[in-house]
Amino acid sequence: MSEICEKCGVTAVYSKGESAARIAYFALSALQHRGQESSGIVTADDGQFFSHRGPGLVAQVYRERDLRKLVGEFAIGHNRYATSGGKHDSHMQPVLRSDDVLALAHNGNLPSVEKLKHFLKSKKIYKAGSNDSEMMADAIRYYIYHGKTIANAIKLSWPLFTGVFSCTLLTEDAIYAFRDRCGVRPLSLGKLRNGYMVASETCAFDMVGARHVRDIKPGELIKIDPKGITSWQIEKSDPKLEVFEFIYFARPDSVLGGKLVNEIRRKMGDQLAIEHPKKVDLVVPVPDSAIPAALGYAYTLGIEFDHVLIKNRYIHRTFIQPTQELRERAVQMKLNPLPEHIRGKSIVLVDDSIVRGTTTKQIVKMLRKAGAKEVHIRVSSPPVRFPDFYGIDTPDQSQLIAARHNLEDIQVHVQADSLAYLSYDGMIKAIGIDESKLCTACFTGQYPIDLMERASEVVFDHPKSSSAENAQNLYTQTTKQLQ
Ligand code: AMP
């Protein structure tokens, strides 16, 4: 269940006299990077809901005639990302049951759903097989059916939401947005000419000509209707914005926590150059997320920067599953090297993160095959040692290469001439937000929201292999997997 609602993108629109669905559509296309498995929009008009959801990319899901049917001035939308390869079409969002009074779009994940499940069972409304987002909607709906206002229904259900949530919600005459007390996943408010919108990232506002007003506060619920905005602070805020949003997820042109993501990535590259300089012929980014960091690295050291790995921008994870053989060639399908610019050169390859180590290994192999003389890896974030339970697609801890192996082993594994990561303090300095206001769980194992029954999955002192023999075993194993 925890796999179902991963790093998604959500939006909500109220625009007087205009098609809210069209604005939501463009917002979702700006948020495409946050989820590529499925997309959905629900609108409300004259007491009725209209819904269109489907597997695949935004451009594949909606045709003109679909958008025309999505009438109304109110809309919410969702792009879904799931680790399980799009096999759960029934879990496409927004959540909307038949004869419903609300639709819900959720970004985040509730590591524990025991409390929620217990509540729904005690009220005899638990539906087997429901995911965390569906259960959240069921709890809110329960209170609405018992005469509560929407805001009160959300407020009463809130203690059951034991995890991370940045949600948008639609009723027949308003949109709502709410965020867990830590605000782990982003959520911002924008002003449209004739209304307001909410989106996971501010890049969605730029796309439709909206102005970024502010972020939805951690622990806050807002209602937007023709009368304007009403806000309630449901829970005392304890901000812990996810650092991985700055490292990898968010688009570089988004402003998160008041900071432009591109600037932060660039500073991470500057800092990486200060901490781990290497004089080489060429600095090469792993496109696209590592480009600003690689630029920072190259500029700080005065080294030439070049895009020698050309990315096919049209290859995404979609509902069309590649064959096993093609999946194993994933990196080659995405990236094509330019041997003419690589041959005989010493290279620093900058990537934003190493998770399992698969990507880095394949790229190093690719660069060597294209004639690189030396390949040095510089990573613009610290080693990822801990799994995520809050809505990121990082695998279970045993698959995180840095959870089980030390730096030397990883270097042997990826076959690099040298390997260095940005220090933890260097990362915090580059982000420029007080460490106490960030969720750094992937690096520190400090989880700001209780993991409850899942806490036992985290191992704090994984034995690190350090012998040459272990490194060689790891190398042989993964080489076999890649062949
Ligand atoms: P890996 O091959 O597992 O080491 O993945 C590392 C690569 O995936 C890096 O190039 C990152 O840019 C990218 N990446 C990092 N985090 C994620 C994530 N949660 N989902 C997909 N890709 C990611």
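Reader: What is the relative accessible area of Gln-415?
Author: First, a heads-up: this is a predicted model, where local features need pLDDT of at least 70, side-chain atom pairs count only at pLDDT 80 or more, and totals for chains, interfaces and linings use all residues. Residues are numbered from 1 along each chain as its sequence is written, and side-chain values use heavy atoms, leaving out hydrogens and water. Gln-415 counts as partly exposed, the class between buried (under 20% relative accessible area) and exposed (over 50%), using a 1.4 Å probe and protein chains only. Its relative accessible area is 31%.

Reader: And what is phi of Gln-415 near?
Author: Gln-415 sits in the loop between helix H16 (407–414) and strand S21 (418–421); helices (H or I, at least four residues) and strands (E, at least two) are DSSP runs numbered from the N terminus. Most residues other than glycine have a negative phi. Gln-415 has a positive one, near 60 degrees.

Reader: Is Asp-99 buried or exposed?
Author: Asp-99 lies in the loop between S4 and S5, and its phi is positive too, near 50 degrees. Its relative accessible area is 74%, so Asp-99 is exposed.

Reader: Which residue does a cis peptide bond join to Gln-93?
Author: Most peptide bonds are trans. This one is cis, with omega about 0 degrees. The partner is found in the loop between strand S4 (74–81) and S5. Gln-93 is joined to Pro-94.

Reader: The peptide bond from Pro-287 to Asp-288 is cis, so what is omega near?
Author: Asp-288 is in the loop between strand S16 (282–285) and H10. For the bond that leads into Asp-288 from Pro-287, omega is near -5 degrees.

Reader: How many residues of strand S6 are buried?
Author: In a regular strand the side chains alternate between the two faces of the sheet. In S6 (residues 164–171), one side holds Val-164, Ser-166, Thr-168 and Leu-170, the other holds Phe-165, Cys-167, Leu-169 and Thr-171, and both faces are covered. The buried count for S6 is eight of eight.

Reader: Which residue in S7 stands opposite Ser-166?
Author: S6 pairs with strand S7 (residues 174–179) in the antiparallel sense over six bridges; strands pair if DSSP finds at least two bridges between them. The two form a hairpin with two residues between them. Opposite Ser-166 stands Arg-179.

Reader: Which residue in S6 stands opposite Ala-103?
Author: S6 also pairs with strand S5 (residues 103–109), again in the antiparallel sense, over seven bridges. Opposite Ala-103 is Leu-170.

Reader: Which residues touch the most other members of the largest nonpolar core?
Author: A nonpolar core is a set of buried Ala, Val, Leu, Ile, Met, Phe, Trp, Tyr and Cys residues joined through side-chain atoms within 4.5 Å. The largest one has 38 residues, and the elements that each supply at least two of them include helix H9 (261–275) and strand S19 (346–351). The residues touching the most other members are Phe-246, Met-268, Met-427 and Ile-431.

Reader: How far from Arg-378 is the nearest side chain of opposite charge?
Author: Arg-378 is in strand S20 (residues 374–379), and a polar atom of its side chain lies 3.0 Å from the backbone oxygen of His-276. Arg-378 is buried yet has no salt bridge, meaning a side-chain nitrogen of Lys or Arg within 4 Å of a carboxyl oxygen of Asp or Glu. With Lys and Arg counted as positive, Asp and Glu as negative, and His and the chain ends not counted, the nearest opposite charge is Glu-374, at 8.9 Å.

Conventions
Polar contact = N/O pair within 3.5 Å; in protein donor to acceptor, adjacent residues only side chain to side chain.
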